[in-house]
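Please open the model in your viewer and keep the sequence panel beside it. The tour below moves from one selection to the next.

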Amino acid sequence: MTDPIADMLTRIRNALTVKKEKVEIPASNMKKAIANILLDEGYVEGVELAEGEHEGKIVLTLKYTKEGRSVIGGLRRVSKPGLRTYSGAKTMPKVLGGYGIAIVSTNRGIMTDKQAKAQNVGGEVLCYVW
């Protein structure tokens with residue numbers, strides 16, 4: 001697998017399309033950090049870590065509205081292995097005018113665009129969530 005973050009986003013997107021309650025993702029430290037950001041921002045209901053044979057798995061419990069629509073409107077990978085995208089603290093992108101979030105990998109860890117601006121750090125823009 002050349003891009004595990006894109007695989008994670010695709011698994012979430014596919015599970016939302018068929019209205020699944022949970023989705024399993026192979027675990028890594030970066031994916032755990034992204035899953036915890038999605039939980040903190042209210043895009044998923046729960047994050048569980050399950051032990052597997054070789055590595056663990058992350059089980060995300062997806063969140064839907066009362067009408068049955070997904071809380072996540074969209075997921076987009078920004079920085080790809082073939083073309084990395086970086087942003088400074090002052091030029092951090094806004095997703096849908098501030099309604100969505102950008103997940104950024106900084107030297108202080110993985111955080112949202114708002115947290116990166118508050119700490120005045122830039123980094124690699126991993127993905128957009130709205």
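Begin by selecting N120, which is exposed, with a relative accessible area of 54%, and which sits in the loop between α3 (113–119) and β8. Bear in mind throughout that this is a predicted model. The phi angle of N120 is near 60°, a positive value in a residue other than glycine. Most residues other than glycine have a negative phi.

**The chain as a whole**

Now zoom out and colour by secondary structure, which comes to three helices and eight strands. Followed from the N terminus, the elements run in the order α-β-α-β-β-β-β-β-β-α-β. The radius of gyration is 15 Å, close to the 14 Å that the globule rule gives for 130 residues, so the chain is as compact as a globular protein of that length. If you rotate the C-alpha trace along its principal axes, the spans are about 40 × 40 × 25 Å. Switching to a surface view, you are looking at about 7500 Å² of accessible surface, of which 49% belongs to carbon and sulfur atoms. Of the 130 residues, 42% count as buried, and among contacts between residues at least 6 apart in sequence, 60% join residues at least 24 apart.

**The nonpolar core**

Which members of the largest nonpolar core touch the most other members? Select I12, L60, I72, I103 and V129, which hold that place among the 25 residues of this core. To see where the core comes from, highlight α1 (4–17), β1 (22–26), α2 (29–40), β3 (57–62), β6 (101–106) and β8 (123–129), the elements that each give two or more residues to the core. The largest share, six residues, comes from α1.

Keep I72 selected and display its surroundings: leaving aside neighbours within four places in sequence, I72 is in contact with I12, L16, Y43, V44, V129 and W130.

Then move to L75, in strand β4 (residues 75–77). With a relative accessible area of 8%, below the 20% cut-off, L75 is buried. Not counting residues up to four places away in sequence, L75 touches L9, I12, R13, Y128, V129 and W130, so that I12, V129 and W130 appear around L75 as well as around I72. For a distance check, pick the C-alpha atoms of L75 and P93, which are 18 residues apart in sequence and 15 Å apart in space.

A further buried position to select is T112, in strand β7 (residues 109–112), where the relative accessibility is 3%. Beyond its neighbours within four places in sequence, T112 is in contact with I37, E41, I101 and A102.

**A nonpolar patch on the surface**

Return to the surface view and select L96, Y99 and W130, which together make a nonpolar surface patch of about 390 Å². Y99 is placed in the loop between β5 (86–87) and β6, and at 74% relative accessibility Y99 counts as exposed. L96 is also in the loop between β5 and β6, and counts as exposed at 52% relative accessibility. When you inspect the backbone of L96, note a positive phi of about 50°, although L96 is not a glycine.

**Salt bridges**

How many salt bridges should you look for? The count comes to five, and the tour stops at D3–R77, D7–R11 and E48–K22.

Select D3 and R77 first; the closest N and O atoms of this pair are 3.0 Å apart. D3 lies in the segment before α1 and R77 in strand β4, so the pair ties together parts that are 74 residues apart in sequence. Are these partners buried or exposed? Both D3 and R77 are buried.

Next, select D7 and R11, whose closest N and O atoms are 2.9 Å apart. Being four residues apart in helix α1, D7 and R11 are separated by about one helical turn, and R11 is partly exposed, with a relative accessible area of 32%.

Finish with E48 and K22, where the closest N and O atoms are 3.5 Å apart. E48 lies in strand β2 (residues 44–50) and K22 in strand β1, so this salt bridge ties together parts that are 26 residues apart in sequence. E48 counts as partly exposed at 40% relative accessibility, and K22 likewise counts as partly exposed, at 39%.

How values were computed: Residues numbered from 1 in each chain as written. Predicted model: local features only at pLDDT ≥ 70, side-chain atom pairs only at ≥ 80, totals over all residues. Heavy atoms only, no water. Core = buried A, V, L, I, M, F, W, Y, C linked by side-chain atoms within 4.5 Å. Buried < 20%, exposed > 50% of the residue type's maximum accessible area, 1.4 Å probe, protein only. Contact = heavy atoms within 4.5 Å. Patch = residues over 30% accessible without salt bridge, like charges linked within 9 Å, V, L, I, M, F, W, Y side chains within 5 Å. Areas by Shrake-Rupley, 256 points an atom, 1.4 Å probe, with all protein chains shown as cover. Salt bridge = Lys/Arg side-chain N within 4 Å of Asp/Glu carboxyl O. Rg over C-alpha atoms; globule rule 2.2 N^0.38 Å.
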